[in-house]
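Colleague: I would be grateful for a close look at one part of this model. Please treat a single region at length and leave the rest aside.

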Amino acid sequence: AAKDAGRGCHRFYSDELHSAAEERAELEKDLREAIARGELELHYQPVVHAASETIVAFEALMRWNHPRRGSLAPDKFIPIAEDAGLIDQLGQWALRTACEDLARWPVATSCAVNVSPLQFANPELPNVVANALAHAGIEPARLELEITENVFVGDGSATESMFAALKRVGVRLALDDFGTGYSSLGYLKKAPFDRIKIDQSFVRGASEKGSRNGAIIASITSLADALGMDTTAEGVETLDELELVRVLGCSHVQGHVYHRAMDASEAGKLVESDTAVCPEGPRAARSSR
Ligand code: C2E
Ligand code: MG
Ligand code: MG
Ligand code: MG
């Protein structure tokens, strides 16, 4: 009986693997058409300046409106795009679209776009970025590129010259998900980052007693201060987390405590209105507590 169960189990397992592979192949095929069919969309999450509680920027987050599967999050298709050699195309679309949207927003607003480490390996990236900016008529300093620590795996000198080339274009650079990857303080010395984004795994529960996260956040913000970089706390969900990351010196805050990602027209309305700040946000909640 045990043998039968084992066989059954094995059969079940290989069916699952088979269908996962099929699903992936199908998504890859669909993804090749997705840009042309207008199925990709950028959503924008507000980035709030901690001291003034005003929205100073948005982070562009990609969504895929799949004809049968509905709205797909980036974790579902960015890795496929990377494997299938489609990431440059997706990334180029994101840069152009974000710059076009940014052109409709007040000049004081900036926008961050996530860039895959694989795009960094393409020497054309600085031209792609410069063209997207020029096409939309955007001041380069209004665009920030977010890159994770994975960018440092591989050819160090090529990565360093890519950073230099992007700085010559005039965009800002942010180190995303800091502390979760292949972290080395040496990178902070070498790469001209303007911002460190503190990963939400350090923010989550940071205000709870006994958590070590607060000490980690404090040391990242003091390091960033000393190096002249801004810091964004990512994934801030509760008022307690918000108060803590402000006290610990994060210059910017992003998270559901303020706003989730929204479509471009909502983002535009929000940033145009004078109550834009955080309409029913934490400031109001705090003062009524
Ligand atoms: P990320 O760049 O670290 O983006 C932050 C993620 O945290 C987003 O997930 C955002 O929706 C989510 N988030 C924001 N605030 C909160 C919060 O308070 N609580 C929680 N639980 N989550 C929050 P999303 O949109 O699913 O994106 C996931 C990742 O996909 C991004 O992580 C980024 O690495 C990647 N990604 C998104 N758009 C692009 C893109 O255009 N190109 C590339 N290469 N990667 C992208
Ligand atoms: Mg990001
Ligand atoms: Mg992040
Ligand atoms: Mg992430």
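How many residues line the largest pocket, and which of them lie nearest its centre?

Modeller: The model is predicted, so local features are given only at pLDDT of at least 70 and side-chain atom pairs only at pLDDT 80 or more, while totals for chains, interfaces and linings use all residues; side-chain values use heavy atoms, without hydrogens or water. Residues are numbered from 1 along each chain as its sequence is written, and chains are lettered from A and ligands numbered from 1 in the order of writing.

The lining of the largest pocket consists of 43 residues, and E59, L61, P74, N114 and D176 are the ones nearest its centre. A pocket here is an open set of points on a 1 Å grid over the protein atoms alone, where a 1.4 Å probe fits and protein lies on both sides within 12 Å along at least five of seven lines; lining residues have an atom within 4 Å of a point. Its volume, the space filled by probe spheres set on the points, is about 1000 Å³. Two or more lining residues come from each of the strands β1 (40-49), β2 (54-66), β4, β5 (143-148) and β6, and from each of the helices α2 (74-83), α3 (87-102) and α4 (117-120). Helices (H or I, at least four residues) and strands (E, at least two) are DSSP runs numbered from the N terminus.

Three of the residues nearest the pocket centre, E59, N114 and D176, also hold metal. The magnesium ion (ligand 2) is coordinated by E59 (OE), N114 (OD1), E146 (OE) and D176 (OD), with distances of 2.0 to 2.3 Å. Donors are N, O and S atoms within 2.8 Å of the metal (3.2 Å for Na, K and Ca), and a site may look incomplete because water is not among the atoms. Along the chain, these donors follow the spacing E-x54-N-x31-E-x29-D. The pair of N114 and D176 links distant parts of the chain: N114 is in strand β4 (residues 110-114) and D176 in strand β6 (residues 172-178), 62 residues apart. D176 counts as buried because its relative accessibility is 6%, whereas N114 is partly exposed, with a relative accessible area of 31%. Buried means under 20%, exposed over 50% and partly exposed in between, using a 1.4 Å probe and protein chains only.

D176 leads on to the second metal. This residue bridges the magnesium ion (ligand 2) and the magnesium ion (ligand 3), and the two ions lie 4.1 Å apart. For the magnesium ion (ligand 3), the protein donors are D176 (OD), D177 (OD), E234 (OE) and E234 (OE), lying 2.0 to 2.4 Å from the ion. Their spacing along the chain is D-D-x56-E. Here too a pair links distant parts of the chain, since D177 is in strand β6 and E234 is in the loop between β8 and α10 (239-247), 57 residues apart. At 25% relative accessibility D177 counts as partly exposed, while E234, at 10%, is buried.

Ligand 1 shares residues with these sites. There are 21 residues around ligand 1 (with a heavy atom within 4 Å), and R63, N114, D176, E237 and H256 come nearest. Three polar pairings can be described. A polar side-chain atom of E59 is 2.9 Å from an oxygen atom of ligand 1. A side-chain N or O atom of E237 lies 2.6 Å from a nitrogen atom of ligand 1. For M62, a backbone N or O atom lies 3.1 Å from a nitrogen atom of ligand 1.

E59 therefore merits attention from the protein side as well. E59 lies in strand β2 and counts as buried because its relative accessibility is 4%. Its side chain makes a polar contact of 2.9 Å with the side chain of K197 and another, of 2.7 Å, with the side chain of Q254. A polar contact is a pair of N or O atoms within 3.5 Å; within protein, one must be able to donate a hydrogen and the other to accept it, and sequence neighbours count only through two side-chain atoms.

Strand β2 also takes part in another opening. The second largest pocket holds about 160 Å³ of space. Its lining has 18 residues, with A57, S110, E144, R172 and R195 nearest the centre. At least two lining residues come from each of β2, β4, β5, β7 (195-198) and β8 (230-233). Thus β2, β4 and β5 contribute to the linings of the largest pocket and of the second largest pocket.
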